[in-house]
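Work through the exercises below with the structure open. Try each task before reading its solution.

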Amino acid sequence: MAREDSVKCLRCLLYALNLLFWLMAICVLGVAAWLRDYLNTVLTLTADTRLEEAAVLTYSPVVHPVIIAACCFLIIVAMVGYCGTLKCDLLLLSWYFGCLLVIFCVQLASGVWTYDEPAVQRADMISLKSRMPNYGLQRYQWLTHAWNAFQSEFKCCGVIYFTDWLEMTEMEWPPDSCCSNQYPGCARHAHYRDLSDLHQEGCGPKMYSFIRGTKQLQVLRFLGVSLGVAQILAMTLTLTLLWALYYDRKPPEPPVAMPTDAPPAPAAVPGEPHALCLGGVSEDGPPKAAHLRSPHEAWPGLNGQTQFEMEQLS
């Protein structure tokens with residue numbers, strides 16, 4: 001009874017951990033997809049500079065295709081673990097343990113890589129000004145879109161101040177993406193009427209903060225550590241459940257004396273639920289005690305043979 005309760009407790013814990021794997025993997029995929037859009041914009045603005053290398057060093061481990069594939073694979077592995085726990089299948093549980101171990105090693109390597117500090121200084125932000133003269137040109141539409149997207153999302157204008165657009169380009173006023181309330185011609189209206197309608201902070205400090213790490217990156221790191229701890233716990237529980245099922249499934253030792261015509265013990269059929277998973281009691285109820293037979297019932301010819309031998313001796 002104690003072993004049945006232990007197995008039931010192990011199975012409930014594994015059910016909960018597999019559900020946690022599904023939820024956390026979906027959260028990681030969602031945050032990574034959100035960060036990937038911003039990272040593409042930053043890499044466009046910082047191409048061929050030290051900032052590009054720093055951004056790749058910081059964010060590549062969390063948005064790398066290998067990590068995305070590992071999270072997707074974790075969802076499938078959690079389904080395998082759920083089925084193996086439900087059926088108490090030794091083969092499925094063994095595959096579940098092996099896959100969790102591989103995913104854990106990949107995530108551990110990614111976590112060590114993510115915590116490397118990028119070599120970037122605030123002075124490197126000045127290099128962003130070299131890309132500003134190409135803004136608005138026909139063959140640099142992708143750069144124009146990247147500047148507009150970054151300024152609109154991070155609520156900034158220029159590199160240090162909005163006057164960078166007037167110094168580095170032939171524009172008479174900043175782009176409309178610098179406006180706090182954007183509409184066609186808002187920057188021209190703000191330039192001649194009210195400069196407070198423009199974002200007063202430059203994009204250099206915003207990009208520096210993004211490269212050094214955002215709150216979303218911290219959330220991903222926390223989810224990664226939590227996933228690692230949950231995977232270690234799941235692997236430990238899986239090994240314990242495998243040991244309990246394998247130990248109970250071992251065939252009992254044969255008795256010392258057994259009639260030769262006794263039927264063999266029924267073997268475990270692969271794919272059938274384990275006895276411990278069913279509560280250890282058959283559907284017909286508890287096992288009944290064997291009917292004890294007298295020696296004459298067990299050996300019908302014993303009484304007649306003994307009487308014949310006694311007549312010969314007399």
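**Exercise 1. The core**

Task: In this predicted model, find how many residues the largest nonpolar core has and which of them have the most contacts inside it.

Solution.
- Start with the count: the largest nonpolar core has 69 residues.
- Pick out those with the most contacts inside it: Phe-21, Leu-100, Trp-147, Phe-150 and Met-207.
- Next, list the elements that give two or more residues to this core: H1 (2-45), H2 (50-63), H3 (65-87), H4 (90-114), H5 (141-154), H7 (186-192), H8 (203-212) and H9 (215-249), each of them a helix.
- Rank them: H1 gives the most, 14 residues.
- Keep the general rule in mind: nonpolar side chains tend to be buried together in soluble globular proteins.

**Exercise 2. Around Phe-21**

Task: Leave out residues up to four places away in sequence, and list what Phe-21 touches.

Solution.
- Phe-21 is one of the residues with the most contacts inside the core.
- With sequence neighbours up to four places away not counted, Phe-21 touches Leu-74, Ala-78, Tyr-96, Leu-100, Leu-227, Ala-230, Gln-231 and Ala-234.
- Leu-100 also belongs to the group with the most contacts inside the core.

**Exercise 3. Two positive phi values**

Task: Locate Cys-88 and Lys-155, then decide for each: buried or exposed?

Solution.
- Recall the background: most residues other than glycine have a negative phi.
- Cys-88 is not a glycine, yet its phi is positive, about 55°.
- Cys-88 sits in the loop between H3 and H4.
- Its relative accessible area is 1%, so Cys-88 is buried; the cut-off for buried is under 20%.
- Lys-155, also not a glycine, has a positive phi of about 55°.
- Lys-155 is in the loop between H5 and helix H6 (164-168).
- Its relative accessible area is 53%, so Lys-155 is exposed; the cut-off for exposed is over 50%.

**Exercise 4. H5 against H8**

Task: Describe how the axes of H5 and H8 cross, and name the residues that make the contact.

Solution.
- The two axes come within 11 Å and cross at roughly 85°.
- Angles of 65 to 115 degrees count as roughly perpendicular, so H5 and H8 are roughly perpendicular to each other.
- H5 contributes Phe-150, Gln-151 and Phe-154 to the contact.
- H8 contributes Cys-203, Lys-206, Met-207 and Phe-210.
- Sort the contact residues by type: five are nonpolar, one is polar and one is charged.

**Exercise 5. Far in sequence**

Task: Find how many residues separate Cys-9 and Leu-241 in sequence, and what their C-alpha to C-alpha distance is.

Solution.
- Cys-9 is in helix H1.
- Its relative accessibility is 46%, so Cys-9 counts as partly exposed.
- Cys-9 and Leu-241 are 232 residues apart in sequence.
- In space, their C-alpha atoms are 9.9 Å apart.

Methods. Residues are numbered from 1 along each chain as its sequence is written. This is a predicted model: local features need pLDDT of at least 70, side-chain atom pairs count only at pLDDT 80 or more; totals for chains, interfaces and linings use all residues. Side-chain values use heavy atoms; hydrogens and water are left out. A nonpolar core is a set of buried Ala, Val, Leu, Ile, Met, Phe, Trp, Tyr and Cys residues joined through side-chain atoms within 4.5 Å. Buried means under 20% relative accessible area, exposed over 50%, partly exposed in between (1.4 Å probe, protein chains only). Helices (H or I, at least four residues) and strands (E, at least two) are DSSP runs, numbered from the N terminus. Contact means heavy atoms within 4.5 Å. Axes are lines fitted to C-alpha atoms, for helices over the stretch in contact, and angles run from 0 to 180 degrees between N-to-C directions. Angles under 35 degrees count as roughly parallel, over 145 as roughly antiparallel, 65 to 115 as roughly perpendicular and the rest as oblique. Ala, Val, Leu, Ile, Met, Phe, Trp, Tyr, Cys and Pro count as nonpolar, Asp, Glu, Lys and Arg as charged, and the others, Gly among them, as polar.
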